[in-house]
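These are my notebook entries on a structure that I had not examined before. I set down what I looked up, one topic at a time.

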Amino acid sequence: MTGRDRLDTPIMLASSGSSSARTPFASSTIMIVDDEPTTIEILEMFLQGEGYDHFVTTTESPKAVALARQKRPDVLLLDLMMPEVGGLDVLRAIRNDEELRHLPVIILTSSTEPETKLQALELGATDLLAKPVDPSELALRLKNTLTAKFYQDRLAYYDRLTGLPNRRFFMEHLERTLRRAAGGATECAVLYINLDRFKQINDALGYKVGDALLCAAAERLARSIRPTDFIAAPGIPGIDDPLSRVGGDEFSVLIPSPSAVEGSERVARRIVAGLAESFHVDGHELFLTASIGIALFPADGDDIETLLANANIAMSHAKKRGRNDLQFYDRSLNSASIQRLSLENQLRRAIDHKELRLYYQPKVDIETDRIIGAEALMRWEHPELGLVGPDQFIPLAEETGLITSLGEWALRTACQQNRAWQTAGLPPISIAVNVSAKQFENERFVETIRGALEESQMDPTHLVLELTESVIMENPTKTAKMLYAIKEMGARVSVDDFGTGYSSLSSLKRFPIDELKIDRSFVQNIPQDEDDAAIVNAIVLIGHTLGLTVVAEGVETLDQLAFLSRRGCDTFQGFLRSRPVPAEDFQRLLREER
């Protein structure tokens with residue numbers, strides 16, 4: 001081929017029949033690379049007549065790729081034959097560039113050689129137009145290319161459910177924003193938002209309601225963000241889509257502002273307030289809150305991975321503080337997170353390394369003062385930290401899902417130990433085991449109980465499963481089904497920490513319950529505190545009205561015991577009789593009593 005590809009100067013500028021008012025892609029950015037300034041000028045004039053008004057142009061082909069990476073056009077019109085760097089070389093570089101590889105490229109060429117056109121298509125050209133360019137054909141090809149790009153972008157960069165930008169969009173936008181912010185030495189902020197307890201709503205009411213709730217929440221989040229929150233710093237453009245859905249119930253907001261600290265806190269507090277009003281979805285009145293973590297660039301991380309990790313750490317800390325709150329990242333959170341991760345890894349190995357122990361606290365009949373049962377309580381004998389209390393590792397086990405394995409181990413061990421005491425000639429007693437929410441939600445939980453009883457050969461009537469009010473009331477229909485299956489097996493059910501939840505007399509009647517346990521918070525101040533005394537008295541009356549055994553926890557003084565005895569409480573446990581002790585010490589207590 002000889003000569004240089006050019007758009008013939010006598011291009012027809014007559015309109016192809018479209019107008020800017022009817023152009024759906026008027027905001028699209030069109031990049032033109034041609035070594036002839038006249039050609040670029042003519043193309044711009046024609047496309048302006050078609051309603052396009054955003055252009056990036058250059059006559060210097062060596063700068064084309066860098067300019068495209070900086071400006072991120074929607075489509076590139078590329079001359080094929082240029083000095084220094086030819087159009088095929090530019091196209092090859094674009095397709096090898098991570099950021100630009102999907103950029104639509106329309107080749108403009110006067111070449112009639114099939115090999116040249118074939119090579120352009122093999123390199124990934126989107127379309128080819130012969131010079132001299134027909135204006136109507138250019139308008140149509142450009143419209144078709146932008147239409148295809150629009151739908152591809154929607155699929156690749158937007159969440160189908162909420163219509164918000166997705167994680168891919170957010171990550172790419174964040175990368176560009178950080179690069180510009182670093183060049184301008186300015187701040188920006190990332191908000192990482194997690195909807196609190198969304199999974200419970202989704203599990204209880206189904207995905208249809210869950211999806212509708214997510215869409216409603218996304219609308220609330222979007223309304224909480226205002227254009228004035230994104231006053232861009234010099235060199236950093238504003239953001240058309242600051243809010244993204246980056247996970248199932250997780251969202252993010254990117255704030256490229258010179259006042260990132262104040263702006264991010266203002267947005268976060270507006271989000272918390274915006275979610276406060278109830279949602280009405282498919283006949284249900286639902287409530288959502290959000291935990292929000294905030295990380296600042298460059299103070300909390302000068303790269304994407306660090307910045308997002310620290311925003312996530314801050315969000316997790318907001319959850320631990322009670323949810324429905326915001327938390328800025330600071331280094332102490334990272335230190336605590338590292339320690340927590342280390343403890344989590346060690347806890348995962350604790351069962352295999354036989355570091356877990358069950359301690360047993362006597363349950364004593366108030367009338368006869370004899371031990372009639374025991375509550376099995378988990379302890380962790382850490383090789384370096386010593387005895388780790390349940391308040392340190394049980395919440396961690398619940399958050400990580402380890403509580404299911406730990407709870408199954410505790411159930412099997414407690415049944416085996418109780419059977420061993422009976423085999424040793426000691427009087428039969430009941431053994432109470434705590435059940436976590438995650439255990440109770442597991443569809444195999446009833447089979448796990450049956451397996452533990454069969455393995456230990458313990459009489460099922462000697463097993464008491466303790467569940468909190470909140471676990472029982474989470475899904476009443478499912479709860480009733482599970483509890484009746486447990487009762488058919490012969491085991492008993494106890495409501496732990498009664499009085500701190502939200503169950504009522506009518507709701508308790510729905511379930512096959514055997515025992516109520518008065519929470520220690522009501523016991524510790526009796527008989528002096530009249531309010532607590534009245535509550536304890538009411539719980540005893542409720543329990544006996546329903547034919548249930550009533551157990552008082554945390555009994556430490558003779559005055560407390562005397563008050564409970566006068567009110568007719570059946571059983572107590574607490575330091576007054578014994579602290580939780582290892583199996584061998586509890587066996588000694590049983591032998592002494594015999």
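**Entry 1. Overall counts.** I began by fixing the term contact, which means heavy atoms within 4.5 Å. The model I consulted is predicted. Among contacts in the protein with a separation of 6 or more, 69% are accounted for by residues 24 or more positions apart. I noted 22 helices and 22 strands in the protein. Of its 594 residues, 49% are buried.

**Entry 2. The sheet from β2 to β5.** I asked in what order the strands of this open sheet stand. I found 5 strands in the order β2-β1-β3-β4-β5, with parallel pairing. The edges are held by β2 (54-58) and β5 (127-130); each has a single partner strand, so one side of each has no neighbour in the sheet. From one strand to the next, I recorded an average twist of 20°.

I then looked at one pair within this sheet. Strand β4 (residues 105-109) is joined to β5 in the parallel sense over 4 bridges. In that pairing, T109 stands opposite A130 in β5.

I also asked which strands helix α5 lies across. Helix α5 comprises residues 135-157 and lies across β1 (29-33), β3 (75-79), β4 and β5. Its direction is at about 175° to that of β5.

**Entry 3. The sheet from β7 to β12.** I turned next to another open sheet, which also has 5 strands, in the order β7-β8-β6-β11-β12. Here the pairing is mixed. I listed β7 (243-245) and β12 (325-328) as the edge strands, each pairing on one side only. Neighbouring strands are turned against each other by 20° on average, direction ignored.

For an antiparallel pair I chose strand β6 (residues 188-196) and strand β8 (residues 250-255), which are joined by 6 bridges. The bridge partner of V190 is L254 in β8. Helix α8 (residues 207-223) packs on the sheet and touches β6, β7 and β8. The direction of α8 makes about 160° with that of β7.

I looked up a further helix on this sheet. Helix α10 (residues 304-320) lies across β6, β11 (289-297) and β12, and runs at about 145° to β11.

**Entry 4. Helices α7 and α8.** I noted first how such a pair is described: two packed helices are characterised by the angle between their axes and the distance between the axes. Helix α7 (residues 198-205) packs with α8 at an angle of about 140°, and their axes are 6 Å apart. The two helices are therefore oblique to each other. On the α7 side I listed F198, I201, N202 and L205; on the α8 side, Y207, V209, G210, L213 and L214. By class, this contact has 7 nonpolar residues, 2 polar residues and no charged residues.

**Entry 5. Helices α13 and α15.** I asked at what angle the axes of α13 and α15 cross. Helix α13 (residues 403-423) and helix α15 (residues 445-456) cross at roughly 30°, and their axes come within 9 Å. Angles under 35 degrees count as roughly parallel, and α13 is therefore roughly parallel to α15. The crossing is right-handed. In α13, the residues E408, L411, R412, C415, Q416 and R419 meet T448, I449, A452, L453, E455 and S456 in α15. I recorded 5 nonpolar, 3 polar and 4 charged residues in this contact.

**Entry 6. Strand β16 and S430.** I asked whether S430 is buried or exposed. S430 lies in strand β16 (residues 430-434). S430 is buried, because its relative accessible area is 9% and buried means under 20%. Leaving aside residues up to four places away in sequence, S430 touches I372, G373, A374, N418, H462, V464 and R492. Of the 5 residues of β16, 4 are buried, so the strand is largely enclosed by the rest of the structure.

I then checked the pairing of β16. Strand β14 (residues 371-382) runs parallel to β16 and is joined to it by 4 bridges. In that pairing, E375 stands opposite A432 in β16. Strand β17 (residues 463-468) also runs parallel to β16, again with 4 bridges. There, A432 stands opposite V464 in β17.

Methods:
Residues are numbered from 1 along each chain as its sequence is written. This is a predicted model: local features need pLDDT of at least 70, side-chain atom pairs count only at pLDDT 80 or more; totals for chains, interfaces and linings use all residues. Side-chain values use heavy atoms; hydrogens and water are left out. Axes are lines fitted to C-alpha atoms, for helices over the stretch in contact, and angles run from 0 to 180 degrees between N-to-C directions. Angles under 35 degrees count as roughly parallel, over 145 as roughly antiparallel, 65 to 115 as roughly perpendicular and the rest as oblique. A crossing is left-handed if the near helix is turned anticlockwise from the far one by less than a right angle, and right-handed if clockwise. Ala, Val, Leu, Ile, Met, Phe, Trp, Tyr, Cys and Pro count as nonpolar, Asp, Glu, Lys and Arg as charged, and the others, Gly among them, as polar. Two strands pair if DSSP finds at least two bridges between them. Buried means under 20% relative accessible area, exposed over 50%, partly exposed in between (1.4 Å probe, protein chains only).
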